Every structure is written in C-alpha cells, then in structure tokens.
Amino acid sequence: MALLTKKGKNINDIIFDLCIYVICAIVFLIIAYPLYFVVIASVSDSTLVSTGKVLLFPKGFSLFGYQEIFQDSRIWVGYKNTMIYSLLGTFVNLLLTLPAAYVLSRKEFRARRILMFFFVFTMFFNGGLIPTYLLMKDLQLIDTMWVFIIPFSVNVFNLIITRTFFETSIPNELFEAASIDGCNHFTFFLKVVLPLSKAVVSVIGLYYLVWHWNDFFTGLIYIRDYNLQPLQIVLRDILLSNQVFAEGAGSGGASGGYAQRYADQIKYGVIIISTLPILIVYPFIQKYFEKGVMIGSVKG
C-alpha cells in the first residue's frame, strides 16, 4: 500500500503535483520574462542591453527614452483619441453584439440559421481593401472618428461566442417562468439575461477593448488628420523618426553615438506605453475571463 500523508495523498500524488508546479513555473517564466525584459531594457543603457549584460536587473538606469516620448505633444493627442475610440467603440460593439447574439440563440426565431449563415459568410469573404476604402469614402467616413466605430461594429467571432453562451447557460425554463408573469423578450434580456451574463460580457468587452486599443491599420489607411490619429500611429511615427535619426547620425561622432545609445530605450519605451493601459485593466476582469471563455466556447 502506498504511503499516505496527513491530507490523504500518497507519494505518487505529491510527486505529480510537484511536477505540475514546476512545469507551470517554467511556462510562466517563458511567458513573463520577455515582458519583464522589455521593462528593464526601457530604463537601461542600450549598450549594455545589446551586449547581453542586462538580464535580471536594469543597468545604467535612465528615463531618457520616456522623457523623449512624453515630450512629444502628439502622444497626448494619440492617447485621448485612442481612449475615445476604445471606450465608445466597445460600447457600440456590446450594444449591437449582445442583442444580436440573444436573438440568434432563441430557437423559436426561425430565421436565425439563415442570418447566422450570412454572418459567418463575412468571416471568409469580403470586398477587399480597395472596395472597402471606396465604400468608406462614399459614406464620408474618411478622416472622421466614426471610421473606427461604425464599420466594425460587430465581430462575428465574438457574436458566435456570445450566442453559444446564451444557448448553453441561460435555461429556457427561465423565459417560460418569466413569460408567465407577463415578461416579454426585451424585459427578459435586460433584467434576466444580462445580469446572468457578466462573465461573457466582460470577456467580449475585453476582446473589443483590446482590438480597438491596438487598431493600427484603420488609422493608417483612413486617417490623414493628425488630430484624429490614434496612439498606435503616433508611436509608430515617433519610433520611425528615432530610427532615422539614429541611422543618419550613426557615423556622426558624439551625436551619432548619443543617438544610437538611446534609440533602443525609446523603442522599448514605446512598447510599454502602448501595452500598459491594457495590462492595468486586465486584472480587474480576470475572474470573469476564464469562466466566460470556457462557458461561451463549449457546447453541451
């Protein structure tokens, strides 16, 4: 008989648990270390970083990269625009995705399969870049904030996840009981379905928020007005300007060495500035994230 511990586990179970902990720790380090390295590299001497002398702690501490980035007035305009696009865009996305998913989850709605086919069809086929640009131009959305919000109001992948959640997690008996008390679909959706769907709402909201925050292509193609450019475009311009300066001054004596020395600091600083807001938001909805994904993606 295997030896048992005070908690009723035998030696094999303890060894298995230890192996799991070690594997999880290794996976965590593999995932977390690159992000940690970017943080310490953004405040370290670029020469020491490039020679591999910065591994666990920053060396040659300097905030020059962040100072150069935040001295550019465009960074604040980009932050303001991206905050507006992300918050307003996420609100519009949820406003359209959640009711559509609820309707498509109702078995008594006979047209749901046909409508779902058209939704899924758009995941595989679209008009292409040039026809889409001409469409945005005809709709007078070029160089407006609405080009970030209206054309991409519903993501079909998120719609499918939400519909599956409603189908598998909201019992039909709830609607039958509510309808006996005179509740219609609108009231049932607002007062019963949404309060019971905090997990999937949080997950889908995070998906949309991250997508809007990282949206680079829309600003690159449809925006020419500097006052409307999102943060990602502003950071790209700062990074390109810094690289051109560093390469152009590469053989320029002291100024060239100065530029090359701090070029990587600015590059790493740009990465941190672009990802930090999302990293701050994520822990607050982490408890909903795993539950929402698991329930919304598994049927039965």
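A cavity is a set of grid points where a 1.4 Å probe fits but cannot get out, and in this predicted model the largest cavity encloses about 30 Å³ of space.

**Figure 1. The largest cavity and the residues that line it.**
The structure holds one cavity of 30 Å³ or more, and the close-up shows the residues around it, namely Thr82, Tyr85, Phe148, His212, Asp215 and Pro230. Sorted by class, this lining comprises three nonpolar residues, two polar residues and one charged residue. Rolling a probe the size of a water molecule over the atoms shows where empty space is left.

**Figure 2. The overall fold of the protein chain, built from 14 helices and zero strands.**
Read from the N terminus, the elements of the chain follow one another as an unbroken series of α elements, α-α-α-α-α-α-α-α-α-α-α-α-α-α. Of the 300 residues in the protein chain, 36% are buried, and the accessible surface comes to about 18500 Å², with 69% of that area belonging to carbon and sulfur atoms. Among the contacts with a separation of 6 or more, 72% are made by residues that stand 24 or more positions apart.

**Figure 3. The largest pocket, with about 770 Å³ of space.**
This pocket is lined by 27 residues, of which Thr122, Asn126, Pro151, Phe152 and Val154 are the closest to its centre. At least two lining residues are supplied by each of the helices α5 (112-124), α6 (129-138), α7 (156-169), α10 (198-213) and α11, and the largest share, five residues, comes from α6. In terms of class, the lining of the largest pocket divides into 17 nonpolar residues, nine polar residues and one charged residue.

**Figure 4. The surroundings of Thr218 in helix α11.**
Helix α11 spans residues 217-222 and includes Thr218. Is Thr218 buried or exposed? Its relative accessibility is 3%, and because the limit for a buried residue is under 20% relative accessible area, Thr218 counts as buried. Leaving aside residues up to four places away in sequence, Thr218 touches Val147, Phe148, Phe152 and Ile223. Two of these partners also appear in other views: Phe148 belongs to the lining of the largest cavity, and Phe152 is one of the residues closest to the centre of the largest pocket.

**Figure 5. The second largest pocket, with about 340 Å³ of space.**
Sixteen residues line this pocket, and those nearest its centre are Ser105, Arg106, Lys107, Arg112 and Glu167. The helices α4 (74-105), α5 and α7 each contribute at least two residues to the lining of the second largest pocket. By class, that lining consists of six nonpolar, two polar and eight charged residues, whereas one charged residue is found in the lining of the largest pocket.

**Figure 6. Aromatic pairs and an aromatic cluster.**
The structure holds 14 aromatic pairs. Tyr79 and Trp213 form a tilted pair, with 6.0 Å from centre to centre and 55 degrees between the planes. Since Tyr79 lies in helix α4 and Trp213 in helix α10, the pair ties together parts that are 134 residues apart in sequence. Both Tyr79 and Trp213 are buried. A further pair, Phe117 with Phe118, is edge-to-face, the ring centres being 5.7 Å apart and the planes standing at 70 degrees. Phe117 has a relative accessibility of 51% and therefore counts as exposed. One aromatic cluster is formed by Tyr102, Phe165, Phe166, Phe175, Phe188 and Phe189.

**Figure 7. Gln140 and Asp143 in the loop between α6 and α7.**
Most residues other than glycine have a negative phi. Which value does phi of Gln140 take? The angle is near 60 degrees, a positive value in a residue other than glycine, and phi of Asp143 is likewise near 60 degrees and positive. Gln140 is found in the loop between α6 and α7, and Asp143 is also found in the loop between these helices. Gln140 has a relative accessibility of 66% and so counts as exposed, while Asp143, with a relative accessible area of 30%, is partly exposed.

Conventions
Residues are numbered from 1 along each chain as its sequence is written. This is a predicted model: local features need pLDDT of at least 70, side-chain atom pairs count only at pLDDT 80 or more; totals for chains, interfaces and linings use all residues. Side-chain values use heavy atoms; hydrogens and water are left out. Helices (H or I, at least four residues) and strands (E, at least two) are DSSP runs, numbered from the N terminus. Buried means under 20% relative accessible area, exposed over 50%, partly exposed in between (1.4 Å probe, protein chains only). Contact means heavy atoms within 4.5 Å. Accessible areas come from the Shrake-Rupley method with a 1.4 Å probe; for residues, only the protein chains shown count as cover. On a 1 Å grid over the protein atoms alone, a cavity is a set of points where a 1.4 Å probe fits but cannot get out, and a pocket is an open set with protein on both sides within 12 Å along at least five of seven lines; lining residues have an atom within 4 Å of a point. Grid points are joined across faces, edges and corners, and a volume is the space filled by probe spheres set on the points. Ala, Val, Leu, Ile, Met, Phe, Trp, Tyr, Cys and Pro count as nonpolar, Asp, Glu, Lys and Arg as charged, and the others, Gly among them, as polar. Rings of Phe, Tyr and Trp (its six-membered ring) pair if their centres lie within 6.5 Å; planes under 30 degrees apart count as stacked, over 60 as edge-to-face and the rest as tilted.
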